[in-house]
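Please walk through this protein chain with the sequence and the model side by side. The paragraphs that follow begin with one pair of strands and then widen the view.

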Amino acid sequence: MLTRIRNANRALLPAVEIPYSQMKESIAGILKSEGYIAGFAVEGKTAKLMKLKLKYQGKKSIIEGLSRVSTPGLRRYVGATEIPRVRGGLGVAVLSTSEGLMTGTQARKKNIGGELLCYVW
């Protein structure tokens, strides 16, 4: 999902289609609430697709960078006190916690740690 968003941003595409999963929908919800994408919609009944509308400022993408932190080969877990600040607070860290997916600041407020999925700035 992150690679498709990154490639679409570089090509200045208005939207990108991604195969649906609940985790991807949660990540898209976080990106929308933080203002990185314009919106998303789930389409289809059996073979669901998720369509993300990307945001741009002129010829420049709102999402400057996207990086995957925890990989299948090396999972990265952090405690509530170890949650990193992305770009000095200008970016967002997405965590998978026991209470669902949330941003690093939300997890810090709730004093919950979890798996560090990705950084967005």
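Which residue in β9 does leucine 95 stand opposite? In this model, which is predicted rather than determined by experiment, the residue opposite leucine 95 is methionine 102 of β9. The two strands concerned, β8 and β9, run antiparallel to each other and pair over four bridges, and the connection from β8 to β9 is a hairpin that passes through two residues.

The hairpin leads on to a charged pair. Glutamate 99 belongs to the loop between β8 (92-97) and β9 (100-103), whereas lysine 110 lies in helix α3, so that their pairing ties together parts of the chain that are 11 residues apart in sequence. In general, side chains of opposite charge can pair when their charged atoms come close. Here the closest N and O atoms of lysine 110 and glutamate 99 are 3.4 Å apart, and the two residues form a salt bridge; the C-alpha atoms of lysine 110 and glutamate 99, by comparison, are separated by 9.8 Å. Leaving aside residues up to four places away in sequence, lysine 110 touches Glu99 and also Met102, and Met102 is the residue that was found opposite leucine 95.

Helix α3 spans residues 104-110 and also holds threonine 105. With a relative accessibility of 45%, threonine 105 counts as partly exposed, because that value falls between the limits of 20% for buried and 50% for exposed. From threonine 105 to methionine 50 the C-alpha distance is 26 Å, for a separation of 55 residues in sequence.

How many salt bridges does a search of the whole structure find? The search finds two, and the one not yet described is formed by the side chains of arginine 75 and glutamate 115, with an N to O distance of 3.3 Å. This pair links distant parts of the chain, 40 residues apart, since arginine 75 sits in the loop between β6 (66-68) and β7 (77-78) while glutamate 115 is part of strand β10 (residues 114-120). The partners also stand in unlike surroundings: arginine 75 is partly exposed, at 40% relative accessible area, but glutamate 115, at 13%, counts as buried because its value is under 20%.

Turning to the earlier part of the chain, one meets an open sheet of three strands in the order β1-β3-β2, paired in the antiparallel sense. Its edge strands, each pairing on one side only, are β1 (15-19) and β2 (37-43), and neighbouring strands of this sheet are turned against each other by 20 degrees on average, with direction ignored. Between β2 and strand β3 (residues 49-54) there are six bridges in antiparallel pairing, and within this pair of strands phenylalanine 40 stands opposite leucine 52 of β3. Helix α2 (residues 22-33) packs on the sheet and touches β1, β2 and β3, its direction making about 155 degrees with that of β2. Helix α1 (residues 2-10), in turn, lies across β1 and β3 and runs at about 165 degrees to β1.

A further site worth following is serine 61, which is found in strand β5 (residues 60-61). Is serine 61 buried or exposed? Its relative accessible area is 14%, and because this is under 20%, serine 61 is classed as buried. The side chain of serine 61 makes a polar contact of 3.0 Å with the side chain of asparagine 9, and a polar atom of the serine 61 side chain also lies 3.2 Å from the backbone nitrogen of isoleucine 63. Beyond four places in sequence, serine 61 touches Asn9, Lys55 and Tyr56.

With these sites in place, the whole chain can be considered. Its secondary structure comes to three helices and 10 strands, which follow one another along the sequence in the pattern α-β-α-β-β-β-β-β-β-β-β-α-β. The C-alpha atoms fill a box of roughly 40 × 35 × 25 Å along the principal axes, and the radius of gyration of 14 Å agrees with the value near 14 Å that a compact globule of 121 residues would have. Of those 121 residues, 36% count as buried. Among contacts with a separation of 6 or more, 59% are made by residues 24 or more positions apart.

Conventions:
Residues are numbered from 1 along each chain as its sequence is written. This is a predicted model: local features need pLDDT of at least 70, side-chain atom pairs count only at pLDDT 80 or more; totals for chains, interfaces and linings use all residues. Side-chain values use heavy atoms; hydrogens and water are left out. Buried means under 20% relative accessible area, exposed over 50%, partly exposed in between (1.4 Å probe, protein chains only). A polar contact is a pair of N or O atoms within 3.5 Å; within protein, one must be able to donate a hydrogen and the other to accept it, and residues adjacent in sequence count only if both atoms are side-chain atoms. Contact means heavy atoms within 4.5 Å. Two strands pair if DSSP finds at least two bridges between them. Axes are lines fitted to C-alpha atoms, for helices over the stretch in contact, and angles run from 0 to 180 degrees between N-to-C directions. A salt bridge is a side-chain nitrogen of Lys or Arg within 4 Å of a carboxyl oxygen of Asp or Glu. The radius of gyration is taken over C-alpha atoms; the globule rule is 2.2 Å times the number of residues to the power 0.38.
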